[in-house]
Amino acid sequence: MKTIQTLAELASYVGQEVATSPWIEITQERVNQFAQATGDHQWIHVDVERAAAGPFGGPIAHGFLTLSLIPRFFESSFNIVESGMGVNYGLNKVRFLDPVPVGSRLRARLKLLKCEPIDRNGVQMTWEVAVEREGSSKLACVAESISRRYP
């Protein structure tokens, strides 16, 4: 895990890959829990037998499940010591580039694209989040995520 001391220090990382998250396993239980939470029970995600005969040879994670891991990728990749609070502000771009079969492991490479001062002595950061699937040469997802941090 990378440690950054202050919000002001973040500006020096613009244009750079700041951190890479640890791997997260995508289990069928996680997929089922996501389906329960969102109401998205499409068979390709939750019906293991039917999905085995489907186009991907087994169940795949919801694209939005992959996307919902972004906060966890950030939390497990770096710490800003002199920051008391962070909030998600939104997304500019999201693309789901490759299916994520159940049993896959994902991690994210986090590149800081912008870091701008905002009110209350905070910063607004725009990040490129490139989600990799272990063993695949294709990215599972690429998203431009915007977050805010405050002292």
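This briefing describes the fold of the protein, three of its residues and its two largest pockets, working from a predicted model. The secondary structure comes to five helices and eight strands, and along the sequence these elements follow the pattern β-β-β-α-α-α-α-α-β-β-β-β-β. Of the 151 residues in the protein, 40% are buried, and the C-alpha atoms fill a box of roughly 55 × 30 × 25 Å when this is taken along the principal axes.

**Overall arrangement**

- Among the contacts between residues at least 6 apart in sequence, 70% join residues that are at least 24 apart.
- One pair of residues that is separated both in sequence and in space is Arg133 and Asp40, which are 93 residues apart along the chain and 22 Å apart from C-alpha to C-alpha.

**Strand 8 and its partners**

- Strand 8 covers residues 139-150, and because nine of its twelve residues are buried, this strand is largely enclosed by the rest of the structure.
- Strand 5, which spans residues 85-96, runs antiparallel to strand 8 and is joined to it by ten bridges; within this pairing, Gly90 has Ile146 of strand 8 as its bridge partner.
- Strand 7, made up of residues 122-133, also pairs with strand 8 in the antiparallel sense, again over ten bridges, and here Glu132 stands opposite Leu139 of strand 8.
- Strand 7 and strand 8 form a hairpin with five residues between the strands, and in this hairpin Gly135 takes a positive phi near 85°.

**Glu132 and Arg133, neighbours in strand 7**

- Glu132 has its place in strand 7, and with a relative accessible area of 16% it falls under the 20% cut-off and therefore counts as buried.
- The side chain of Glu132 makes polar contacts with two arginine side chains, that of Arg107 at 2.7 Å and that of Arg109 at 2.8 Å.
- Leaving aside neighbours within four places in sequence, Glu132 is in contact with Trp23, Arg105, Leu106, Arg107, Arg109 and Leu139, and Leu139 in this list is also the residue that stands opposite Glu132 in strand 8.
- Arg133 likewise lies in strand 7, and its side chain is joined to the side chain of Asp98 by a polar contact of 3.3 Å.
- With neighbours within four places in sequence again left aside, the contacts of Arg133 are Trp23, Asp98, Pro99, Val100, Pro101, Ser104, Arg105 and Leu106.
- Trp23, Arg105 and Leu106 appear among the contacts of both Glu132 and Arg133.
- As background to such a pair of neighbours, the side chains in a regular strand alternate between the two faces of the sheet.

**Ser77, a buried loop residue**

- Ser77 lies in the loop between helix 5 and strand 4, and although it belongs to a loop, its relative accessibility of 2% means that it counts as buried.
- The side chain of Ser77 reaches the backbone oxygen of Phe73 at 2.5 Å.
- When residues up to four places away in sequence are not counted, Ser77 touches Met1, Lys2, Ala19, Thr20, Ser21, Pro22 and Leu110.

**The largest pocket**

- The largest pocket has a volume of about 230 Å³ and is lined by 14 residues, of which Pro71, Phe74, Glu75, Gly86 and Arg149 lie nearest its centre.
- Helix 5 (70-75), strand 4 (78-80), strand 5, strand 7 and strand 8 each supply at least two residues of this lining.
- By class, the lining of the largest pocket consists of seven nonpolar, four polar and three charged residues.

**The second largest pocket**

- About 200 Å³ of space lies in the second largest pocket, which is lined by 16 residues, with His45, Ala61, His62, Gly63 and Phe64 lying nearest its centre.
- Helix 1 (28-38) and helix 4 (63-68) each supply at least two residues of the lining of this pocket, and the largest share, three residues, comes from helix 4.
- Sorted by class, the lining of the second largest pocket has nine nonpolar, five polar and two charged residues.

Terms used:
Residues numbered from 1 in each chain as written. Predicted model: local features only at pLDDT ≥ 70, side-chain atom pairs only at ≥ 80, totals over all residues. Heavy atoms only, no water. Helix = DSSP H or I, 4+ residues; strand = E, 2+ residues; numbered from the N terminus. Contact = heavy atoms within 4.5 Å. Polar contact = N/O pair within 3.5 Å; in protein donor to acceptor, adjacent residues only side chain to side chain. 1 Å grid on protein atoms, 1.4 Å probe; cavity = no way out; pocket = protein on both sides within 12 Å on 5 of 7 lines; lining within 4 Å. Points joined across faces, edges and corners; volume = space filled by probe spheres on them. Nonpolar A, V, L, I, M, F, W, Y, C, P; charged D, E, K, R; others polar. Buried < 20%, exposed > 50% of the residue type's maximum accessible area, 1.4 Å probe, protein only. Pairing = 2+ DSSP bridges.
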